[in-house]
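Biologist: Before I use words such as buried or edge-to-face, I would like to hear how each of them is justified. Could we go through them one at a time?

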Amino acid sequence: MNNANEKHLNKSSLIGLVIGSMIGGGAFNIISDMGKEAGGLALIIGWVITAIGMIALAFVFQILTNARPDLDGGIYSYARAGFGDFIGFCSAWGYWFAAFLGNVAYATLLMSAVGNFFPIFQGGNTLPSIIVASILLWAVHFLILKGVETAAFINSIVTVAKLIPIFLVIVCMIVVFHFDTFMAGFYGTEQHAGLFNWGSILEQVKSTMLVTVWVFTGIEGAVVFSGRAKSKKDVGTATVIGLTSVLIIYFLMTVLAQGVIHQSDISKLQDPSMADVLAQIVGPWGAVFVNLGLIISVLGAWLGWTLLAGELPFIVAQNKLFPNWFAKANINGAPVNALLITNILVQLFLISMIFTDSAYQFAYSLASSAVLIPYMLSAFYLFKYNIIQTEHTILRWIVSIIASIYAVWLVYAAGLEYLLLTMILYIPGLIVFIWVQKHNERPLQKSDYALMTLILIFAVIGIVKILTHSISVI
């Protein structure tokens with residue numbers, strides 16, 4: 001009989017989890033998302049900055065995984081080890097919300113993509129869309145109950161399948177790439193064509209980096225499953241390989257597109273922009289092929305994020321910060337109760353979208369901001385770890401400093417107002433944390449009360465801003 005603590009995930013499965021988690025539906029629209037406001041120069045500068053920051057963050061996970069192999073669940077456990085139970089709980093709570101709300105997005109995006117072939121599903125929030133999405137939701141649920149390793153293996157296969165249309169688009173763009181077209185929009189939008197303006201370039205770079213905040217969510221995919229890895233060293237290696245691969249893919253897609261379609265016309269591309277680009281190169285069948293790839297991609301990302309959303313509360317419960325009920329595993333080692341609660345929440349959000357999708361958009365915006373907090377805390381923990389350890393290297397210091405600065409910037413770039421509103425998500429979490437600590441006979445610390453008070457104050461401010469319409473939440 002399999003045990004939840006057995007080590008089954010090999011390096012290829014872990015790499016598949018990282019790439020599969022990062023490349024979802026956003027990859028198929030990144031050409032227009034980044035290129036509509038930026039020229040070739042700004043894209044290159046933006047990707048260089050992003051590469052430095054994200055690779056530093058990947059090395060944070062690699063270094064900490066090797067230095068602290070006793071910490072399973074990585075992204076949450078680093079926050080707990082570095083800053084105590086409450087900070088660790090908040091990191092886990094925010095990540096869990098982001099993960100399962102992301103699955104609501106994948107469900108609606110999937111049905112919207114199917115709507116390109118069958119109009120009855122157009123928009124992704126029609127009654128037929130919700131019914132089919134719900135069937136798929138529970139199909140994924142029962143697949144994972146067969147075993148996390150089985151689901152991870154299928155995720156690796158799906159990841160390879162969804163990379164095929166992406167590679168086809170890249171190859172086609174290389175073939176038809178025209179240097180004159182690329183240089184015509186090199187400095188940005190039409191009014192700046194052929195002219196170098198440093199202020200304009202900086203604004204363009206900022207616009208590209210705001211997009212990269214979202215497209216690399218999932219870099220921690222292997223770290224979350226570190227407790228199931230055959231080798232802890234594979235976790236860090238898989239994170240770096242996965243990130244580097246996705247960086248190259250995104251860089252080629254966005255930069256090459258500027259030499260295929262004039263920069264001023266990129267904003268006119270239909271969604272998903274990758275389908276429109278391939279259709280302009282090879283004809284209408286290209287759009288059909290990419291839309292099929294989008295469906296496969298979203299299915300894979302949905303599977304990958306369901307794995308993450310179920311695994312994290314399972315690990316946190318084992319560490320006595322979530323109710324013990326979440327720590328139950330079935331005969332296949334799958335987190336049966338954590339997965340059940342996660343998918344019930346996804347189901348409720350799906351049903352609510354029959355009536356309106358604005359509530360989900362608001363919650364998902366908050367959750368997207370919340371997922372960046374665990375990244376920042378992980379970088380901070382490596383910095384703290386360097387201070388308290390007698391043996392450390394200059395490289396570790398450089399990595400921790402760059403990653404910390406970049407993580408703070410990501411939180412800022414995501415929007416300070418949404419970060420403020422994110423605190424609303426933590427109100428039910430405070431109740432859970434207090435109950436768990438009382439149940440485990442662990443008294444709350446003065447610092448816990450201080451932080452809880454701060455969260456409540458920020459949450460109230462956020463609610464007031466919503467009620468007074470001083471913040472747009474859609």
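Modeller: What follows is a set of questions about the terms used for this structure, each answered by setting a value against its cut-off.

Biologist: What kind of model is this, and how many helices and strands are there in the protein?

Modeller: This is a predicted model, and the protein has 21 helices and zero strands. Of its 474 residues, 57% are buried, and the protein exposes about 19000 Å², of which carbon and sulfur atoms supply 69%.

Biologist: Why is Asn386 called buried or exposed?

Modeller: Asn386, which has its place in helix 17 (residues 372-388), has a relative accessibility of 1%. Buried means under 20%, and Asn386 therefore counts as buried at its 1%.

Biologist: What makes the pairing of the side chains of Asn386 and Ser400 a polar contact?

Modeller: The distance given for the contact between the side chain of Asn386 and the side chain of Ser400 is 3.3 Å, and the cut-off asks for N or O atoms within 3.5 Å.

Biologist: Why is the pair of Phe383 and Trp397 called edge-to-face?

Modeller: The ring centres of Phe383 and Trp397 are 5.3 Å apart and their planes stand at 85°. Rings pair if their centres lie within 6.5 Å, and planes over 60 degrees apart count as edge-to-face, so the pair of Phe383 and Trp397 is edge-to-face. This pair links distant parts of the chain, since Phe383 lies in helix 17 and Trp397 in helix 18 (residues 394-414), 14 residues apart.

Biologist: Are Phe383 and Trp397 buried or partly exposed, and how do you know that?

Modeller: Partly exposed covers values between 20% and 50%. Phe383 has a relative accessibility of 32% and so counts as partly exposed, and Trp397, with a relative accessible area of 24%, is therefore partly exposed as well.

Biologist: How many aromatic pairs are there by this rule?

Modeller: The count comes to 25 aromatic pairs. One of them joins Trp96 and Phe326, with 5.9 Å from centre to centre and 90° between the planes, and this pair is edge-to-face. Trp96 belongs to helix 5, whereas Phe326 sits in the loop between helix 14 (284-318) and helix 15 (336-352), 230 residues apart. Both Trp96 and Phe326 are buried, and both belong to one aromatic cluster, whose members include Phe89, Trp93 and Phe433.

Biologist: How do you know that the length of helix 5 agrees with what is expected?

Modeller: At 1.5 Å a residue, the 30 residues of helix 5 should span 44 Å, and its end C-alpha atoms are 44 Å apart, so the two values agree. Helix 1 (residues 11-22), with twelve residues, reaches 17 Å from its first C-alpha to its last, close to the expected 16 Å.

Biologist: What makes helix 1 and helix 5 largely enclosed by the rest of the structure?

Modeller: Ten of the twelve residues of helix 1 are buried, so helix 1 is largely enclosed; among these buried residues are Ser13, Leu14 and Met22. In helix 5, 26 of the 30 residues are buried, so that helix is largely enclosed too.

Biologist: Which residues touch the most other members of the largest nonpolar core?

Modeller: Of the 147 residues in that core, Ile23, Ile166, Phe216, Tyr250 and Met253 touch the most other members. Helix 5 gives the most to this core, with 19 residues. Leaving aside neighbours within four places in sequence, Ile23 is in contact with residues including Leu163, Ile166, Tyr250 and Ala301.

Technical notes. Residues are numbered from 1 along each chain as its sequence is written. This is a predicted model: local features need pLDDT of at least 70, side-chain atom pairs count only at pLDDT 80 or more; totals for chains, interfaces and linings use all residues. Side-chain values use heavy atoms; hydrogens and water are left out. A nonpolar core is a set of buried Ala, Val, Leu, Ile, Met, Phe, Trp, Tyr and Cys residues joined through side-chain atoms within 4.5 Å. Buried means under 20% relative accessible area, exposed over 50%, partly exposed in between (1.4 Å probe, protein chains only). Helices (H or I, at least four residues) and strands (E, at least two) are DSSP runs, numbered from the N terminus. Contact means heavy atoms within 4.5 Å. The expected span of a helix is 1.5 Å times one less than its number of residues. Accessible areas come from the Shrake-Rupley method with a 1.4 Å probe; for residues, only the protein chains shown count as cover. A polar contact is a pair of N or O atoms within 3.5 Å; within protein, one must be able to donate a hydrogen and the other to accept it, and residues adjacent in sequence count only if both atoms are side-chain atoms. Rings of Phe, Tyr and Trp (its six-membered ring) pair if their centres lie within 6.5 Å; planes under 30 degrees apart count as stacked, over 60 as edge-to-face and the rest as tilted.
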